[in-house]
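Reader: I should like to examine how the terms applied to this structure are justified. Please set each value against its definition.

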Amino acid sequence: MALNGSSRDAQHLCVLVHGLWGNPQHLKVMAQMLREKYTEEYLHLLVAKRNSNSFTYDGIEVGGERVCEEVLEEVQKLEKAGQAIKRISFVGYSLGGLVARYCVGLLFSKGFFEKISAVNFTTFASPHLGVRTPLRGWHNHIWNVLGARTLSASGRQLFTIDKFRDTGKPLLEILADPESIFIKGLSQFQRRTLYANIVNDRSAVYYTTGISSTDPYTNPDKVNIKYLRGYEDVIIDPSAPVAPNDPDESESTFYGRFIKSSQTSIGRLPFFLAMILFIPFGVLAFLLNSGVQSFRSNRRIRLHERGLAGIQPGNYRVPLLITGMREAVEDVYENLNSAQSHEYLVAGTEDEAAHEEPSAARMDCLSASLEAQVDGLTPEKQFEVRQHDVPTLALAPYQFRMIQALDKLGWRKYPVYIHKVMHSHAAIIQRIERPSLDEGRIVLSHWLNEEFIL
């Protein structure tokens, strides 16, 4: 992708990092729109490439070290050519957001940000809290444990069943430790922004990409969603995202609900039939491929650890904590992941499990009670009250700590509603140049026009 630029005037370097199973081509539309907005005299682009395709199986740590090496080499190369980089931004898509966070921590430990100002850190559909499904009981063990073992090191880290180095904790928890180099590195950025799909993200659901202990968008058809002006039907207004539906709307009647339900069911029939016919074969192929890729990944990791993969890992094995307490096949997976549903904690608790699953009748009762409370309030106050009423997801205790630590940094969070396709994870950045995914251009336009600081 020849969009990095050849001008020697640009002082701002923007690093783009793709996701799991990804490659630089997945960021082609993003890179093109960046280049259309800012010419090479103002912005130099680096699309990281050393983690392409199955190399993303090798884990966030190894991936972060590879990207860090790319960044340092690029800055050094430009410096030798007479181009001084004075500002830097990172953009991570999906797993790339976590790889970028690890890279930022390594750069911070090297004093990189003492010479180069950190400007923008942006993630699109990145699972900051991992991909563990907030379920209790045997569901948890089937998906959260078995699913973790299909993606080598990356799978163990995303499902947070790993023990990172000698910390005894999952890598993602260390990434969010307030005393870690990773949080200290993130804090250097002038702006931190994230975009999170509210529905149909089969890879990373809203709670993890939006860094949230609740999901107020489980039934988007039951609320009136408010959009940002100029980005209607895609970018939701974070200050007042939802309001109750008009009770006079036809779908509030039995007939209206019946018609809507029938249309939805009929529309999804081909998808359900395809799943019944092809999932058994797909699962088998996926598991076989996962076994092969995990074997190859483990071999690459061993070579990396021995310094035989082009990078000396000793250059990056720095103390992780500032205090010095401790040293230093895609569609099948996504469909299985999206088949999981959330469970919740008892109201008012975060570290103990619920004794009964919330029923539809109980949720309807809560909804009616909520509307009675918020009647007459401003849209902002209405949403604030509703947020308190949304059940807390049954996350692990360390995930609540991660949310608290990350939120303290301050993020500008934008919920995204992709309508055209059932695969919003690909659409949020228009990963492939297809008309059905072009809502991603609205997301990217908002980021470039409203959020990105040159």
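Author: The exchange below takes up cysteines, burial, strand pairing and crossovers in turn. The model is a predicted one.

Reader: How do you know that Cys103 and Cys68 are not joined by a disulfide?

Author: A disulfide requires two cysteine sulfur atoms within 2.5 Å. The sulfur of Cys103 has its closest cysteine sulfur in Cys68, at 4.6 Å, and is therefore too far away for a bond. A search of the whole structure likewise finds 0 disulfides.

Reader: What makes Cys14 and Cys103 count as buried or exposed?

Author: The term buried applies under 20% relative accessible area. Cys14 has a relative accessible area of 0%, so Cys14 is buried. Cys103 also has a value of 0%, and therefore Cys103 is buried.

Reader: What makes strand E1 mostly covered?

Author: In E1, residues 12-17, 6 of the 6 residues are buried. His12, Cys14 and Leu16 lie on one side, while Leu13, Val15 and Val17 lie on the other, and both faces are covered. In a regular strand the side chains alternate between the two faces of the sheet.

Reader: Which residues of helix H1 are buried, and what covers them?

Author: In H1, which spans residues 28-37, the buried residues are Val29, Met30, Ala31, Met33, Leu34 and Arg35. Their cover includes strands E1, E2 (43-47), E3 (87-93) and E4 (117-124), together with helix H15 (439-451).

Reader: How do you know that E1 pairs with E2 and with E3?

Author: Pairing requires at least two bridges between the strands. E1 and E2 have 5 bridges, so they pair, and they do so in the parallel sense. Within this pair, Val15 has Leu46 of E2 as its bridge partner. E1 and E3 are joined by 6 bridges and therefore also pair, again running parallel. Here Val17 is partnered by Gly92 of E3, and Leu16 stands opposite Val91.

Reader: Why is E3 said to pair with E4, and how covered is E3?

Author: There are 6 bridges between E3 and E4, so the requirement of at least two is met; these strands run parallel. Phe90 has Phe121 of E4 as its bridge partner. E3 is mostly covered, with 6 of its 7 residues buried.

Reader: Why is the unit of E3, helix H3 and E4 called right-handed?

Author: The term applies when, with the strands pointing away from the viewer, the path from the first strand over the helix to the second runs clockwise. E3, H3 (residues 95-109) and E4 form a β-α-β unit classed as right-handed.

Conventions
Residues numbered from 1 in each chain as written. Predicted model: local features only at pLDDT ≥ 70, side-chain atom pairs only at ≥ 80, totals over all residues. Heavy atoms only, no water. Buried < 20%, exposed > 50% of the residue type's maximum accessible area, 1.4 Å probe, protein only. Helix = DSSP H or I, 4+ residues; strand = E, 2+ residues; numbered from the N terminus. Contact = heavy atoms within 4.5 Å.
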